[in-house]
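Me: I would like to learn how to read the contacts and the burial of side chains in a model. Could we go through some cases together, slowly?

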Amino acid sequence: MGVLAGAGIPTARQDAEWLLAHAGGVDRRALYVDPDRIPAEAEVRRYRDLLARRARQEPLQYLLGFEDFHGLRLRVTPDVLIPRPETEALVDWAIALLPVGVPRLVADVGTGSGAVACALAVAAPAVTVVAIDSSLAALEVARDNALALGARVRVVAGDLLGPLPARPPVLDMIVANPPYLPTAIIPSLPREVAEFEPRVALDGGSDGTRTLRRLIIGARAVLKPGGWLVLEIGEDQGGALASLMAAEGFTGIAARRDFRDAERYVAGRLPAPGLPALPAAGARGC
Ligand SMILES: C[S@@+](CC[C@H](N)C(=O)[O-])C[C@H]1O[C@@H](n2cnc3c(N)ncnc32)[C@H](O)[C@@H]1O
């Protein structure tokens, strides 16, 4: 049994291939093109070191230094959450709500690697994204990703919506995948997550909604009339958060499910003159 299989890594063979290719500075496909190639000694040492780290459950993406998200290759480091495939649906919903080709200003709050901001800006080139995070180390990664992709993203350090002007409000949309896990469940998560991903990216307080609630309560002040709030949330949080959005004056509130059929996204918009009257809160899935 190999080192990774012995350590209980379910994707042992794939991971070993990725790490071998990474140690040799080649694409994974190269392993198949030239299977008889003898690696140099330094390469073997690098590979062994990477295998040992992976066997200790260090996430593959941190060892490789990248993750693919929404068709983009993004740099990731242990300072940022590894972007998840579920978050691609958040990006798709946000894109669908933005009028095509019209300049818009969007804030990605809690940007981490800049995954959401970059994916939005690349898919909707008329949009400018302000990418906010309280972690300066994360913002460096987000800035690198935006530069490498030529994405129209400005990174700003701060607490949630704090860096944004309120009078007059300037934003057409807030999109966010904030920390939403209840504190108590974090120790029971897989070691890869609990020990290696940044705590500030995971911990949403006692019931997981602390940051989401602050965001919903602050959103009205910085969104223009008709502006959208589009959120990724934890399972079982949709009802309470939709009610809070309604109480804060949002309308047309709807929820969506992820590919595992869990309710994981909620969106609504501020009323504006000329907008059709939309059903208010609680009307999930509308
Ligand atoms: C769940 S991660 C999401 C990262 C990225 N948007 C993604 O989807 O991959 C949440 C991010 O929110 C940031 N964050 C947590 N609390 C914050 C706060 N009060 N103000 C700004 N950013 C915050 C964390 O540093 C982390 O990068």
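Me: Is Arg37 buried, partly exposed or exposed, given its relative accessibility?
Reply: Buried means under 20% relative accessible area, exposed over 50%, and partly exposed in between (1.4 Å probe, protein chains only). At 37% relative accessibility, Arg37 therefore counts as partly exposed, while Glu43, with a relative accessible area of 9%, is buried. This is a predicted model, in which local features need pLDDT of at least 70 and side-chain atom pairs count only at pLDDT 80 or more, while totals for chains, interfaces and linings use all residues. Residues are numbered from 1 along each chain as its sequence is written, and side-chain values use heavy atoms, with hydrogens and water left out.

Me: How do the side chains of Glu43 and Arg37 meet?
Reply: A salt bridge is a side-chain nitrogen of Lys or Arg within 4 Å of a carboxyl oxygen of Asp or Glu. The side chains of Glu43 and Arg37 form such a pair, at 2.6 Å from N to O, and a search of the whole structure finds 18 salt bridges.

Me: Which residue forms a salt bridge with Arg75, and how far apart are the closest N and O atoms?
Reply: The partner is Asp144, with the closest N and O atoms 2.5 Å apart. Helices (H or I, at least four residues) and strands (E, at least two) are DSSP runs, numbered from the N terminus. Arg75 lies in strand S2 (residues 72-75) and Asp144 in helix H8 (residues 136-149), so the pair ties together parts that are 69 residues apart in sequence. Arg75 is partly exposed at 37% relative accessibility, and Asp144 is partly exposed at 36%. Elsewhere, salt bridges that share partners join Arg13, Glu17 and Arg28 into one network.

Me: Where is Arg54 found, and is Arg54 buried or exposed?
Reply: Arg54 belongs to helix H4 (residues 41-55), and at 4% relative accessibility Arg54 counts as buried. A polar contact is a pair of N or O atoms within 3.5 Å; within protein, one must be able to donate a hydrogen and the other to accept it, and residues adjacent in sequence count only if both atoms are side-chain atoms. One such contact, of 2.7 Å, joins the side chains of Arg54 and Asp15.

Me: Which backbone atoms lie close to a nitrogen atom of the ligand?
Reply: A polar backbone atom of Gly110 is 2.8 Å from a nitrogen atom of the ligand, and one of Leu160 is also 2.8 Å from a ligand nitrogen. For Ser134, a backbone N or O atom lies 3.2 Å from a nitrogen atom of the ligand.
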